[in-house]
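User: Please take a close look at the ligand site in this model. I would like the surroundings of the ligand described, then the rest of the chain as context.

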Amino acid sequence: MHLEVTNLKGKYYITTAIAYTSGKPHIGNTYEAILADSMARFYRLDGYDVRFQTGTDEHGQKIEEKAKNANKTPQQFVDGVASEIRDIWDMVGVSYDKFIRTTDNDHVKTVQRIFKKLYEQGDIYKGSYEGWYCTPCESFWTESQLKDGKCPDCGREVKKANEEAYFFKMSKYADRLMKYYEDNPDFIVPVSRKNEMVNNFLKPGLQDLCVSRSSFKWGIPVDFDDKHVVYVWLDALTNYITGLGYTADGNDDQLYKDYWPCNVHVVGKDIVRFHTIYWPIFLMALDIPLPKQVYGHGWLLQEGGKMSKSKGNVIYADDLVKFFGKDAVRYYVLTAMPHDNDGIITWESVIETINSDLANVFGNLVSRTIAMSNKYFDGKVENTNVKEAIDQELKDVATSAYAKVSKKMGEYKISDAISEIMSIFRRANKYIDETAPWVLAKEESNRGRLATVLYNLVETLSIGLALLTPFIPDTCKKAFDMLGVTARDYQDLDKFGLTETTKVTATPEILFARLDSAKVMEQVNKMIEEKNKEQAKPQVQLHDHSLKPQIEIDDFAKVQLKIAKVIACEKIEKSKKLLKLTVQLGEETRTVVSGIALAYSPEYLIGKKLMMVTNLKPCKLCGIMSEGMIVCAENDKGELAFLTPERDIEDGSQVF
Ligand code: MSP
């Protein structure tokens with residue numbers, strides 16, 4: 001069931017920041033995707049032609065270091081994390097039109113063209129950089145900008161950077177940027193963040209920005225000087241136009257022409273600076289219109305402050321979804337975050353919110369309405385038009401909600417918008433108490449009035465559900481279906497009495513069950529304990545996974561591989577990892593010691609045929625002479641799998 005959009009109001013292009021592929025995103029990063037998604041969904045239903053872009057920021061020193069620690073090439077590393085991020089966005093229902101990756105070829109090519117263009121027109125020049133670099137923030141700082149010798153943004157250690165570099169002439173555009181702020185007072189939302197930009201950065205004077213790095217490799221190469229890679233923020237920010245098909249060579253895609261300039265960049269407060277100073281200046285230099293607004297939202301924090309792996313207090317969206325379901329998680333984060341401040345997430349408060357808002361107010365209203373419709377009218381809800389004065393207040397609350405919600409959405413006050421919607425449901429619950437349908441049901445003469453009461457509830461729900469759809473889409477769809485009502489067009493949210501006779505479901509599903517906090521917390525704590533234990537475990541010692549140089553066929557031919565059948569196997573005392581295997585190779589029997597005890601039990605291996613190197617020099621392991629090596633595959637987590645012939649073949653057969 002889809003809401004029909006009939007009155008196209010114009011284009012609406014909305015973006016999130018693109019997440020670093022340095023690791024799995026926590027619920028804070030995920031919140032931003034949900035926030036922008038709820039806006040994209042709202043404006044789609046409200047009749048706009050919406051384009052919604054999100055994605056991943058995949059270059060930079062931090063990622064290069066992470067990949068190295070994980071024993072992977074940077075590309076392998078970012079491929080893994082980017083798909084994890086996309087999976088999480090999908091899991092929480094982020095309805096993006098484009099998921100861009102900064103390793104996408106067309107993005108890379110355009111960034112190179114942009115860099116060259118800016119260099120050729122004199123906005124970028126070559127010099128040398130001497131200062132400090134914060135790798136986690138990928139930010140440059142001068143000595144005087146540091147706070148107690150640390151990064152002024154995140155408080156972490158900075159590294160000395162002393163390298164030949166390209167610079168962008170920021171100061172050249174400072175006055176124009178200031179004028180843009182003055183002419184567009186709503187450019188930065190909330191206004192407190194604008195004041196911060198003006199007072200802390202623009203007024204003291206903009207310094208030229210270092211826009212290339214040469215001390216590491218994982219970035220977009222400057223194509224006319226390949227010792228350098230493009231500074232990750234210049235690379236990342238341009239995603240907003242490359243994702244629309246801006247090419248910087250005069251062949252821009254129609255999408256770019258249709259949707260740029262962007263209506264809003266939704267970003268966290270920590271990166272407002274990059275979006276409201278660097279980004280507009282790069283765009284001015286490229287002679288491209290500036291985005292209309294940047295909304296810098298607050299951070300979702302844990303009770304004790306930031307989430308951190310070392311504190312073991314990181315909350316992930318997939319764990320929350322496992323416990324509470326996608327829509328409850330969306331609802332929680334959207335309501336927990338104030339418009340212009342940080343919000344707090346705790347497992348307990350998620351449970352409280354589900355119980356109070358979603359189960360008691362919303363779910364309860366839906367289930368009472370359906371239950372009474374079934375009980376008194378066999379599920380058939382009809383407008384008998386037996387009005388009473390008390391109905392008006394309910395109708396007013398329902399029909400005035402769209403204007404209020406719409407205003408709040410326009411101001412990025414998402415939790416306020418949701419609380420406007422919840423007040424419809426609260427009012428409807430009160431209406432049930434006021435009209436007491438169970439009392440009306442006692443008198444046959446009240447049947448007409450009883451039908452109108454139920455009709456008013458269904459009609460009110462239809463308005464409320466349409467408004468709530470952008471925030472908890474799947475649940476609203478379910479509720480519409482259960483009520484037997486077609487999802488309502490946003491143009492009709494200020495009208496009452498449109499629903500035709502409906503037939504509610506005979507078997508309603510509980511949309512949000514009330515949770516027993518103590519019981520759920522017991523399970524949550526168990527999960528957290530297990531995770532922390534897992535994290536504290538020494539990491540598996542991986543074999544060397546780095547790419548090896550090419551070899552000749554003769555090199556490979558030196559290795560003798562054969563199929564061996566395990567005829568006996570036992571654990572080796574004194575060793576957790578090693579097993580002693582007796583294997584049959586045709587006529588020959590050998591003993592092999594293999595480090596696969598954590599992956600396989602001796603019982604499992606007996607009778608199996610597997611691949612073995614037979615010409616490795618024998619060596620003693622735990623006092624036992626090993627006469628060969630079992631060949632295994634190993635993944636990034638150190639999990640092993642031995643290799644076995646695709647169909648049965650005699651032991652002793654050669655592998656080549
Ligand atoms: N890669 C840059 C953004 C480049 S945009 C051209 C980056 N990535 S990030 O992964 O660190 O953050 C992605 C977004 O999540 C940012 O907007 C950031 O502010 C936001 N958040 C990070 N932690 C957050 C919370 N705890 N709460 C809410 N938002 C959070 O920055």
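Analyst: The ligand site comes before the overall build, the confidence and some individual residues.

This is a predicted model, in which local features need pLDDT of at least 70 and side-chain atom pairs count only at pLDDT 80 or more, while totals for chains, interfaces and linings use all residues. Residues are numbered from 1 along each chain as its sequence is written, and side-chain values use heavy atoms, with hydrogens and water left out.

The shell around the ligand holds 24 residues, and the closest are Ile18, Glu32, Asp57, Asp270 and Leu300; a residue is near the ligand if one of its heavy atoms lies within 4 Å of it. By type, the shell divides into 13 nonpolar, 8 polar and 3 charged residues. Here Ala, Val, Leu, Ile, Met, Phe, Trp, Tyr, Cys and Pro count as nonpolar, Asp, Glu, Lys and Arg as charged, and the others, Gly among them, as polar.

Helix H1 (27–45) is one of the elements that each supply at least two shell residues; the others are strand E2 (19–20), helix H7 (232–237), helix H8 (239–242) and strand E12 (264–268). The largest share, 4 residues, comes from H1. Helices (H or I, at least four residues) and strands (E, at least two) are DSSP runs, numbered from the N terminus.

Three pairs of N or O atoms fall within the 3.5 Å set for a polar contact. An N or O atom in the side chain of Glu32 is 2.5 Å from an oxygen atom of the ligand. The backbone is used at Tyr20, where an N or O atom lies 3.0 Å from a ligand oxygen, and at Leu300, where a backbone N or O atom is 2.8 Å from a ligand nitrogen. Of the 660 Å² of accessible area that the ligand has on its own, the protein covers 93%; such areas come from the Shrake-Rupley method with a 1.4 Å probe.

As context, the protein has 21 helices and 27 strands, and its C-alpha atoms fill a box of roughly 100 × 70 × 50 Å along the principal axes. Of its 656 residues, 52% count as buried, where buried means under 20% relative accessible area, exposed over 50%, and partly exposed in between (1.4 Å probe, protein chains only). Contact means heavy atoms within 4.5 Å; among contacts between residues at least 6 apart in sequence, 76% join residues at least 24 apart.

The mean pLDDT, the predictor's confidence in each residue from 0 to 100, is 93, and 97% of residues reach 70 or more. Over residues 1–5 the pLDDT is below 50, although this stretch has 18 contacts in the model beyond near neighbours in sequence. Where pLDDT is low, the predicted coordinates should not be read in detail.

Some backbone details remain. The peptide bond from Trp260 to Pro261 is cis, with omega near 10°, and Pro261 lies in the loop between helix H9 (254–259) and E12. The bond from Val189 to Pro190 is also cis, with omega near -10°; Pro190 sits in the loop between strand E8 (188–189) and helix H6 (191–202). Glu138, not a glycine, has a positive phi of about 50° and counts as buried because its relative accessible area is 1%. Asn71 has a positive phi near 65° and counts as partly exposed because its relative accessible area is 29%.

Notes
A polar contact is a pair of N or O atoms within 3.5 Å; within protein, one must be able to donate a hydrogen and the other to accept it, and residues adjacent in sequence count only if both atoms are side-chain atoms.
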